[in-house]
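The following paragraphs lead through a single structure, moving between local detail and the chain as a whole. The sequence and the model are shown first.

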Amino acid sequence: DNQIRFVKSALWYHGYGRLELYQLSSDGSVGSRELLLAFSWLLHRLDLLEQLLTWNRVKTGDEASVCTCEDDPCNRQKGTTETAHEHGLEDRADVRYLQWLNGKLSFQWRSLHAQHQEQCRLLHKIHLFTSGSHIDQILGHFSVTETDLIRHPENYEQLLQILESETRQLEAFLEWKQLESVYWQWMETVLGNMAEEGAVCESQDTHVVKTRLPEATSCCPWADSLTGQIGSLFRDLRTFCDHLQELVTHRRAAWCEKVRTREEELQKEGFSATARKIQESVELKLLDLTCLCAPKKYKKHGSCRLVFRSKHPASKMGFCGSVSKEPVPAVRATEVIRELQIREASMERELKQLQKECRQSLDEIAEGLDGMICVSP
């Protein structure tokens with residue numbers, strides 16, 4: 001049961017929206033076809049096999065996660081809100097519990113940052129001490145795995161077995177890529193069969209409803225009077241809707257006239273202040289637009305290997321000779337730092353704008369409360 005609940009929660013977290021899977025029983029007796037559909041969805045949506053290959057790859061110990069791409073926070077927030085409303089997760093969390101989670105997350109974030117700093121310091125020491133000792137002139141230094149292998153040669157057989165296992169996985173992945181089209185053709189037939197079964201079930205349910213309604217009408221003497229009452233209620237509802245539509249049209253016209261009057265007042269009194277606010281908002285949007293329209297040459301996401309680049313030539317530091325001067329496709333730390341600084345400045349501007357809007361909203365709410373004084377922090 002725990003495994004089944006975990007699978008359902010993981011699929012829900014990744015956005016799988018087929019309700020038939022979540023309605024399956026917890027004993028695992030049925031639902032093999034639903035699991036097949038979910039597995040195929042993961043293959044297509046998350047690149048599952050590629051992620052497994054990356055996860056099981058032999059680590060050199062010099063990797064670092066680099067992400068210079070940027071997601072759309074509006075779409076992400078919208079998707080999270082829609083998912084929460086669909087599954088009834090709103091109004092279930094206490095504010096104090098959320099504050100505790102936020103504090104715990106901040107503490108863990110600081111701890112993780114300190115561990116990353118310590119890891120980078122040790123990695124820099126390894127790269128500096130082994131610089132000029134590697135046979136590969138592009139790298140010029142040993143990795144963490146190679147350094148550990150030099151210190152403990154008895155681990156050579158274990159590393160060789162891991163490399164052979166990775167080779168077998170890559171061969172299996174190549175075989176899968178050759179037969180992948182056959183698998184997706186089979187999945188198309190599975191989806192077609194399920195669609196046909198769903199259409200048959202819907203037609204049967206409709207037929208049952210249609211056949212049962214006349215029987216109920218003939219067996220119930222009060223059905224005619226109930227039908228008349230429903231018709232009367234429908235006519236009253238139609239009249240009410242027409243009246244409501246007229247009222248909405250009148251209110252909209254009055255509101256448009258009020259807005260037009262307000263615009264004229266703004267043009268006479270506070271045109272300069274309004275223009276200044278609009279200009280500041282436009283400048284912020286232009287800065288964000290400049291960041292978004294910048295060339296995406298260094299947009300990278302995933303794990304990258306850290307390579308030490310010394311200011312001194314490698315010929316003075318080891319037997320390998322000079323480092324090759326051929327350009328290597330890579331991303332430099334200074335470029336990543338510059339990109340993150342630009343994004344940090346953009347997010348700070350957005351935060352200040354949101355704080356300003358929140359203060360204005362709180363002031364408007366406070367003005368409507370009698371006998372209450374609100375002091376801003």
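In this predicted model, the side chain of Ser106 reaches the backbone oxygen of Asn102 at 2.9 Å. Ser106 belongs to helix α6. With a relative accessibility of 29%, Ser106 counts as partly exposed, because that class lies between the limits of 20% for buried and 50% for exposed residues.

The setting for this detail is a chain with eleven helices and two strands. Read from the N terminus, the order of elements is α-α-α-α-β-α-α-α-α-α-α-β-α. The chain has 377 residues, of which buried residues make up 12%. Among contacts between residues at least 6 apart in sequence, 68% join residues at least 24 apart.

Beyond helix α6, which covers residues 95-129, a loop leads to α7 (144-151), and His141 lies in this loop. Is His141 buried or exposed? Its relative accessible area is 0%, so His141 is buried, the limit for that class being under 20%. The side chain of His141 reaches the backbone nitrogen of Phe308 at 3.0 Å. Leaving aside residues up to four places away in sequence, His141 touches Asp62, His127, Thr130, Ser131, His134, Glu146, Leu306, Val307 and Phe308. Phe308 is thus named both in the side-chain to backbone pair and in the list of residues touched by His141.

Attention now turns to an earlier part of the chain, where helix α3 comprises residues 32-46 and helix α4 residues 48-55. Helix α3 has 15 residues, which at 1.5 Å a residue should span 21 Å; the C-alpha atoms at its ends are 21 Å apart, in agreement with that expectation. The expected value is 1.5 Å times one less than the number of residues. Several residues of α3 are buried, namely Glu34, Leu37, Ala38, Ser40, Trp41, Leu42 and Leu43.

Between α3 and α4 the loop contains Asp47. Just after α3, Asp47 takes a positive phi of about 50°, and this positive value occurs in a residue other than glycine. Asp47 has a relative accessible area of 41% and is therefore partly exposed.

How do the two helices on either side of this loop meet? Their axes come within 6 Å and cross at roughly 70°. That angle makes α3 roughly perpendicular to α4, since the range for this description runs from 65 to 115 degrees. On the α3 side, the contact is made by Phe39, Leu42, Leu43 and Leu46, and on the α4 side by Leu48, Leu49 and Gln51. Sorted by class, the contact of α3 with α4 comprises six nonpolar residues, one polar residue and no charged residues. Leu42 and Leu43 take part in this contact and are also among the buried residues of α3.

Leu49, a residue of helix α4, also touches residues outside these two helices. Which residues does Leu49 touch, not counting residues up to four places away in sequence? They are Leu43, Phe173 and Trp176. Leu49 and Trp176 are 127 residues apart in sequence, while their C-alpha atoms are 9.7 Å apart in space. At a relative accessible area of 24%, Leu49 is partly exposed, whereas Leu43, its partner in α3, is buried.

Conventions
Residues numbered from 1 in each chain as written. Predicted model: local features only at pLDDT ≥ 70, side-chain atom pairs only at ≥ 80, totals over all residues. Heavy atoms only, no water. Axes fitted to C-alpha atoms, helices over the stretch in contact; angles between N-to-C directions. Helix = DSSP H or I, 4+ residues; strand = E, 2+ residues; numbered from the N terminus. Parallel < 35°, antiparallel > 145°, perpendicular 65-115°, else oblique. Contact = heavy atoms within 4.5 Å. Nonpolar A, V, L, I, M, F, W, Y, C, P; charged D, E, K, R; others polar. Buried < 20%, exposed > 50% of the residue type's maximum accessible area, 1.4 Å probe, protein only. Polar contact = N/O pair within 3.5 Å; in protein donor to acceptor, adjacent residues only side chain to side chain.
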